[in-house]
Amino acid sequence: MKGVLLMAYGTPEHLSDVEPYYRDILGGREPSPEAVTTLVERYRAVGGRTPLLEITRSVADLLERRLNRDARDASWRVYVGMKHWHPYIAESVERILADEVDELVALPLAPHYSRMSIAGYREAVACSMAQASSPPPMQFVESWHANPLFVALVARRITDAIAWFDAGPSDVEVLFSAHSLPARIIDEGDPYPQELTDSAMAVAAAAGLTSWRFAYQSAAKTGTPWLGPDILESIEQVAREGGKNVLVVPFGFVCDHLEILFDIDIAATQAANRVGVRLARIEMPNDSPDFVEALFDLVTTGTGARVVGLSG
């Protein structure tokens, strides 16, 4: 049997889970009471929780069906593991080993690589597998933003969303966004900023865009510089230039979770309203058929992906 381990960041299931979830993100360090309160209020603002886990499980189920539909020499099983909450990656690896999977593809549901983010998934898989006496051969998909099916689905969503404004394409400012990281990664030679630029250029070309912008979002308040420009600053810049419509393309994410439901749908929308700008965003891939097909292509062909071998 072949296996796929789909991995996502994780999300608390209840408001009472926010503090231990935050502690896990910080590697066991205690978050400040103020930081916990802020995060609790953000989850409360989006209904108390996000659908990240349910969507990821749905994607896993649909991908498993898709893989087995065309399976010729082996059956497939798709597992779900979270980086910072249940089911943890280690828990899912235990199931994979118990099921005696012969080959494994580990796939973080984040298209762009950074050592600060994707390397953590890789380490979690490798450390968990190291406990096994004979782990299966593993392939880790560490970057896949260049997959043509992923590029095409984001481009289609841009075209569909522009129609919402009832304005000419030239009257809509397209703003790509991805999660910010500490600015020191530039000095460390991290490929994350370049991958985002290359990715935005590919999607923009596929969507036929003649102009677009890029911004970072969701930076943490750590007292140290983070990558910019920040999305809220970019919205204000559009207003200063006389722009009236902004379409956010959060292509650094693939699912409705806090960075989408709060940071864009609430915080960015409020910022846009303050400066007289209409703001919308593309529909997220979530568990859509075209996203599942892109993942199927990644698992079976690795097209547009950077794949590395792992040993337990």
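## Phe253 and its surroundings

In this predicted model, Phe253 is found in the loop that runs between β7 and α10 (258–261). Phe253 has a relative accessibility of 9% and therefore counts as buried, since the cut-off for this class is under 20%.

Leaving out residues up to four places away in sequence, Phe253 touches Ala178, His179, Gln217, Glu259, Ile260, Met284 and Pro285. One of these, Ala178, stands 75 residues from Phe253 in sequence, yet the C-alpha atoms of the two are 7.0 Å apart in space.

## The four-stranded sheet

The strand β7, which precedes the loop of Phe253, belongs to an open sheet of four strands. The order of these strands is β6-β5-β7-β8, and their pairing is parallel. The edges are formed by β6 (213–217) and β8 (278–281); each has a single partner strand, so one side of each is left without a neighbour in the sheet. On average, neighbouring strands are turned by 30° against each other, direction ignored.

Within the sheet, β5 (residues 173–179) and β7 (residues 245–249) pair in the parallel sense over four bridges. In this pair, Glu173 stands opposite Val246 in β7.

## Helices across the sheet

Two helices may be described in relation to these strands. Helix α6 (residues 148–162) lies across β5, β7 and β8, and runs at about 155° to β7. Helix α11 (residues 263–274) lies across β5, β6, β7 and β8, and its angle to β8 is about 165°.

## Nonpolar cores

In soluble globular proteins, nonpolar side chains tend to be buried together. In this model, the largest nonpolar core has 58 residues, of which Leu63, Ile158, Phe176 and Leu247 touch the most other members. Helix α6 supplies the largest share of this core, namely eight residues.

What does Leu247 touch, not counting residues up to four places away in sequence? The contacts of Leu247 include Ile158, Ala161 and Ile162, as well as Val172, Val174, Leu175 and Ala280. A second, separate core consists of 19 residues, among them Leu5, Ala106, Val308 and Leu310.

## Ser180 after strand β5

Ser180 lies in the loop between β5 and α7 (184–187). Is Ser180 buried or exposed? Its relative accessible area is 1%, so Ser180 is buried.

The side chain of Ser180 reaches the backbone oxygen of Leu227 at 2.9 Å. Neighbours within four places in sequence aside, Ser180 is in contact with Tyr216, Gln217, Ala219, Trp226 and Leu227. Gln217 is thus named among the contacts of Ser180 and also among those of Phe253.

Notes:
Residues numbered from 1 in each chain as written. Predicted model: local features only at pLDDT ≥ 70, side-chain atom pairs only at ≥ 80, totals over all residues. Heavy atoms only, no water. Pairing = 2+ DSSP bridges. Axes fitted to C-alpha atoms, helices over the stretch in contact; angles between N-to-C directions. Contact = heavy atoms within 4.5 Å. Buried < 20%, exposed > 50% of the residue type's maximum accessible area, 1.4 Å probe, protein only. Polar contact = N/O pair within 3.5 Å; in protein donor to acceptor, adjacent residues only side chain to side chain. Core = buried A, V, L, I, M, F, W, Y, C linked by side-chain atoms within 4.5 Å.
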